[in-house]
Amino acid sequence: MAGPPLAASHRSLGQVPTPKALVDFMVGLAEAPKGGRVLEPACGEGPFLRAFREAHGTGYRFLGVEVDPLALDLPPWAEGVRADFLLWEPREAFDLILGNPPYGALGAGARLSPERRKAYRERFATWWGRYNLYGAFLEKGVRLLKPGGLLVYVVPAGWMVLEEFQKLRGFLAREGALEVFYLGRAFPGLKVRAAVLRFRKGGKGLRLYDAEALGQGHPPLLLLEEPAWQGEMVRFPHEEALTLEREGLPLGEVFRIRFAARSPEVKAHPLTQTRPGPGLVPVLTGRNLLPGEVDYETPHSGLYFPKEAAGLLKPFYATPHLVVGHTRHYRVVAAWDGRAYPWREEFHLLPKEGVRLDLEALVAYLNGPEIQAYYRGLYREVVPHLTRPMLERLPLPKGLVSAR
């Protein structure tokens, strides 16, 4: 959320102040006809309304919506509405909507009442999985635009690739034309990578710009134009990586991909112990996964499980298989678990029937520089972890795989 530095209570609402240079850049992308309605959701003090008026002048109808009464502080020329933007229903549509919507995962741990969660789920067609507030703000903003209206938001870049935003990407593709300006690390003190979205209601297609050098005075660079975009993952063009995909086999055609037991599932199992003992081995975590090897000794999880019963936790634990890191900060890390231990984290890959692998060469390839360049080339630092679709598309050289 746009606004001044925040108290702890405000942070719980997902508020993040927007640097002035970023506000100015976004206002430079914004436009509205004279007399048009201009809206800033989650407005706080209205930094986007103020900047737009300073850049474009008067003669517009300005309105801000804010759920936090302590944050709402608009100038007299703007109308302020205290309301939950996601449940608010104005009588008129808008020519321009711009701002920095709040961020926050809407999974089971989110601070939402059951009634509020139910209301959100009923209203948003893009809600899926572990959704996020900014996804709902995007859908709501698009629905409030007039035909031909413009939306300019800054949001975390994860929507470009994460599975929980696949419905949102499809919705945006159906509703209009989208320009994405990838900023990278745009908020001081925060690890989140951000992107500015400029959405025109009506029309079609996607344009992707590199805007990471804005702070050095360099204009955005057009990287990609997809007139027929239908909501697929938004990836960066990287010729070497795309060549690997064209010439290789998708990993998803070679392996069945599973995910580890979650922490609550492991802790709740009656065979799980918190102290070592006869027949017990450590439940492994991502910290036990190293490039090309597994640390079987260090009990990072603090949990222990009978080695011979590992398959009771997840059936695939009972078979030696490939383990690939889920969150390794923009790297691919893989190792073969030849001992078939119990795990609490990571992707677990089992070769499909009829597939024969050069395991040593495969593990070396997955940890090697070629695949790291592939990963960073297509996804940069949009998210710090692999998703299942990203892993499924990861290309394997045909020489490493053969049929039995």
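Visitor: Which polar atom partner does the side chain of Asn-132 have?
Guide: A polar atom of that side chain lies 2.9 Å from the backbone nitrogen of Gly-104. A pair like this is called a polar contact: N or O atoms within 3.5 Å, where within protein one must be able to donate a hydrogen and the other to accept it, and residues adjacent in sequence count only if both atoms are side-chain atoms.

Visitor: Anything I should know about the model itself?
Guide: The model is predicted, so local features need pLDDT of at least 70 and side-chain atom pairs count only at pLDDT 80 or more, while totals for chains, interfaces and linings use all residues. Residues are numbered from 1 along each chain as its sequence is written, and side-chain values use heavy atoms, with hydrogens and water left out.

Visitor: OK! Where is Asn-132 found, and is Asn-132 buried or exposed?
Guide: Asn-132 is in the loop between α4 (114–123) and α5 (133–144). Helices (H or I, at least four residues) and strands (E, at least two) are DSSP runs, numbered from the N terminus. Asn-132 counts as buried because its relative accessibility is 14%; buried means under 20% relative accessible area, exposed over 50%, and partly exposed in between, using a 1.4 Å probe and protein chains only.

Visitor: Switching to His-321. Which residue's side chain does the side chain of His-321 make a polar contact with?
Guide: With the side chain of His-348, at 2.8 Å. A polar atom of the His-321 side chain also lies 3.5 Å from the backbone oxygen of Phe-316.

Visitor: And where does His-321 lie?
Guide: His-321 lies in strand β15 (residues 321–324). Its relative accessibility is 0%, so His-321 counts as buried. Leaving aside neighbours within four places in sequence, His-321 is in contact (heavy atoms within 4.5 Å) with several residues, including Trp-336, Asp-337 and Leu-349.

Visitor: Now a helix. Which residues of α7 are buried?
Guide: In α7 (residues 239–247), they are Ala-241, Leu-244 and Glu-245. These residues cover an arc of only 100 degrees around the axis, which means they sit on the same side of α7. The arc is that of the directions from the helix axis to the C-beta atoms.

Visitor: What about the other side of α7?
Guide: There, Glu-240, Arg-246 and Glu-247 are exposed.

Visitor: So what do the buried residues of α7 pack against?
Guide: They pack against α11 (359–367), α12 (369–379), α13 (388–393) and β19 (395–396).

Visitor: You mentioned α11. Which residues does Leu-362 touch?
Guide: Leu-362 has its place in α11. Not counting residues up to four places away in sequence, Leu-362 touches Phe-255, Leu-322, Leu-357, Leu-396 and Leu-400. Leu-362 counts as buried because its relative accessibility is 1%.

Visitor: Is Leu-271 buried, exposed or partly exposed?
Guide: Leu-271 is partly exposed, with a relative accessible area of 31%. You'll find Leu-271 in the loop between α9 (263–268) and β11 (280–282). One of its contacts outside its sequence neighbours within four places is Tyr-304; the two are 33 residues apart along the chain, with their C-alpha atoms separated by 8.5 Å.

Visitor: What's the sign of phi at Ala-42?
Guide: Positive: phi of Ala-42 is near 45 degrees, in a residue other than glycine. Ala-42 lies in the loop between β1 (37–40) and α3 (47–56). Glu-346 is not a glycine either and has a positive phi of about 85 degrees. The place of Glu-346 is in the loop between β16 (334–337) and β17 (347–351).

Visitor: Last topic! How much space lies in the largest pocket?
Guide: About 830 Å³. On a 1 Å grid over the protein atoms alone, a pocket is an open set of points where a 1.4 Å probe fits, with protein on both sides within 12 Å along at least five of seven lines; lining residues have an atom within 4 Å of a point. Grid points are joined across faces, edges and corners, and the volume is the space filled by probe spheres set on the points.

Visitor: How many residues line the largest pocket?
Guide: The lining has 31 residues, and Arg-130, Leu-162, Glu-164, Val-383 and His-385 lie nearest the centre. The lining divides into 16 nonpolar, seven polar and eight charged residues. Here Ala, Val, Leu, Ile, Met, Phe, Trp, Tyr, Cys and Pro count as nonpolar, Asp, Glu, Lys and Arg as charged, and the others, Gly among them, as polar.
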